[in-house]
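Ready for a few warm-up exercises on helix packing? Have a look at the model below, try each task yourself, and then read the solution.

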Amino acid sequence: MTWGNIKAALPRGTWSDPRMRAAGAACAAQLPVAGMVAFTLTLDDDTYGAGGPALGLGCLLVFGPFLLALAGLLHAAVCTLPAVWLGRLGAARLGRGPEWAWSLACLLPVGAAWAACFAALGAPFPGTAPWIAASGVLPVLHVAYCVRRQERLGRPLRKVWILSGLTSLGLCAAVLGGAVAATATGLVTEYEPPRLSVEQLTGTWRGEDDESVVLRLRKDGRAVLDGTPFEKEAGGSYDDGLSRCRATGRWAVGSDPYERRPAVVVNATACGDSQLWTVGGTEARPELFVSFGDPDSPDIVVLVRRRN
């Protein structure tokens, strides 16, 4: 068989198995790296006392490879390969520029189309479209590289998934090592809650998402609860395990024994046991929060300072 016959025998359709594998493997490889980078960027954010979901993390470690492969193939089918198809069409019709450049440009309309679908469900279109388009850059380039290498070798590449997985693992380790080094050298600092005085705590606090939740802390130590949620039963959720409390009581500065951070202790007999509102936010925008339900996935109510 001649070289020309070998090259012609390679699958050349946009949704052919080699292109699908190349696009899916690249997308699956970039997802853990993106997640690791996102985690690093949140090291200085307040977690509101929520611990990591241990059960969910364990399931992710077991089923992660399968889920990543499935997500990569899905992304390839709905985002990367449509852009590759449009790029091949544009390059063939106009004959200017390399095919991979056309495919990269076509990620914009593909991303816009999917962003419009998500916008119909309530997602912001301007922020969603660029992210969807950007998610296809690496897979498009990987498809172009694999196609050229396959044509040069005269056979499909057989270790695309393995090499992509090893590359992803190496990049995740590099990001984690960089995060550890940045934390050790002080370039990235872990979150520290503000230390608020009694004067700073005194005033009206309202729900960040629901302003009907009100907690007024008076200078004389009185606390006025208006629509403030409290837990009827241990482990209750915000939807079905909590009630709204309207009562008066007393408050004092205390500390969260689990998180070892400042807190406000509110005692209102009509609302059952005392409630601990932990201090969060920043000096410029302080917050009080309380969590209910499962510690791995709690319902968190956040209060912010209001003028009245």
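**Exercise 1. Get an overview of the chain.**
Find out how much of the chain is buried, and what else can be said about it as a whole.

*Solution.* Start with burial: 37% of the 308 residues count as buried. Keep in mind that you're looking at a predicted model. Next, go through the secondary structure, which consists of 8 helices and 8 strands. Then turn to the surface: the accessible area is about 17,900 Å², and carbon and sulfur atoms hold 62% of that. Finally, check the contacts with a separation of 6 or more: 57% of them join residues 24 or more positions apart.

**Exercise 2. Describe how H2 sits against H6.**
Work out whether these two helices are parallel, antiparallel, perpendicular or oblique.

*Solution.* First, locate the pair: H2 covers residues 17-41 and H6 covers residues 137-153. Their axes are 8 Å apart, at an angle of about 140 degrees. Roughly antiparallel needs an angle over 145, so H2 counts as oblique to H6. The crossing of H2 past H6 is right-handed. Now pick out who touches whom. On the H2 side you'll find Pro18, Arg19, Ala22, Ala23, Ala26, Cys27 and Gln30, while H6 brings Leu138, Pro139, His142, Val143, Cys146, Val147 and Gln150. Sorted by class, the contact of H2 with H6 has 10 nonpolar residues, 3 polar and 1 charged.

**Exercise 3. Do the same for H4 and H6.**
Find the angle at which H4 and H6 pack, then name the arrangement.

*Solution.* H4 runs over residues 99-120, and it packs with H6 at about 160 degrees, the axes being 10 Å apart. An angle over 145 counts as roughly antiparallel, so that is how H4 lies to H6. Here too the crossing is right-handed, with H4 passing H6. The H4 residues in the contact are Trp100, Ser103, Leu104 and Leu107, and they meet Val137, Val140, Leu141 and Ala144 of H6. By class, the contact of H4 with H6 comes to 7 nonpolar residues, 1 polar and no charged ones.

**Exercise 4. Pair H2 with H7.**
Decide how H2 is oriented to H7, then look at what their contact is made of.

*Solution.* The axes of H2 and H7 come within 9 Å and cross at roughly 10 degrees. Angles under 35 degrees count as roughly parallel, and therefore H2 is roughly parallel to H7. From H2, the contact takes in Arg21, Ala22, Gly24, Ala25, Ala26, Ala28, Ala29, Pro32, Val33, Met36, Val37 and Thr40. From H7 come Val160, Trp161, Ser164, Ser168, Leu171, Cys172, Val175, Leu176 and Ala179. The class count for H2 with H7 is 16 nonpolar, 4 polar and 1 charged.

**Exercise 5. Zoom in on two residues of H7.**
Is Ile162 buried or exposed? And which class does Gly170 fall into?

*Solution.* Take Ile162 first, which lies in helix H7. Its relative accessibility is 55%, so Ile162 counts as exposed, the cut-off being over 50%. Its C-alpha atom is 8.6 Å from that of Ala25, although Ile162 and Ala25 are 137 residues apart along the chain.

Now move on to Gly170, in helix H7 (residues 160-185). At 40% relative accessibility, Gly170 is partly exposed. Try the spacing to Val33: the C-alpha atoms of Gly170 and Val33 are separated by 9.3 Å, with their positions 137 residues apart along the chain.

Definitions and conventions: Residues are numbered from 1 along each chain as its sequence is written. This is a predicted model: local features need pLDDT of at least 70, side-chain atom pairs count only at pLDDT 80 or more; totals for chains, interfaces and linings use all residues. Side-chain values use heavy atoms; hydrogens and water are left out. Axes are lines fitted to C-alpha atoms, for helices over the stretch in contact, and angles run from 0 to 180 degrees between N-to-C directions. Helices (H or I, at least four residues) and strands (E, at least two) are DSSP runs, numbered from the N terminus. Angles under 35 degrees count as roughly parallel, over 145 as roughly antiparallel, 65 to 115 as roughly perpendicular and the rest as oblique. A crossing is left-handed if the near helix is turned anticlockwise from the far one by less than a right angle, and right-handed if clockwise. Contact means heavy atoms within 4.5 Å. Ala, Val, Leu, Ile, Met, Phe, Trp, Tyr, Cys and Pro count as nonpolar, Asp, Glu, Lys and Arg as charged, and the others, Gly among them, as polar. Buried means under 20% relative accessible area, exposed over 50%, partly exposed in between (1.4 Å probe, protein chains only). Accessible areas come from the Shrake-Rupley method with a 1.4 Å probe; for residues, only the protein chains shown count as cover.
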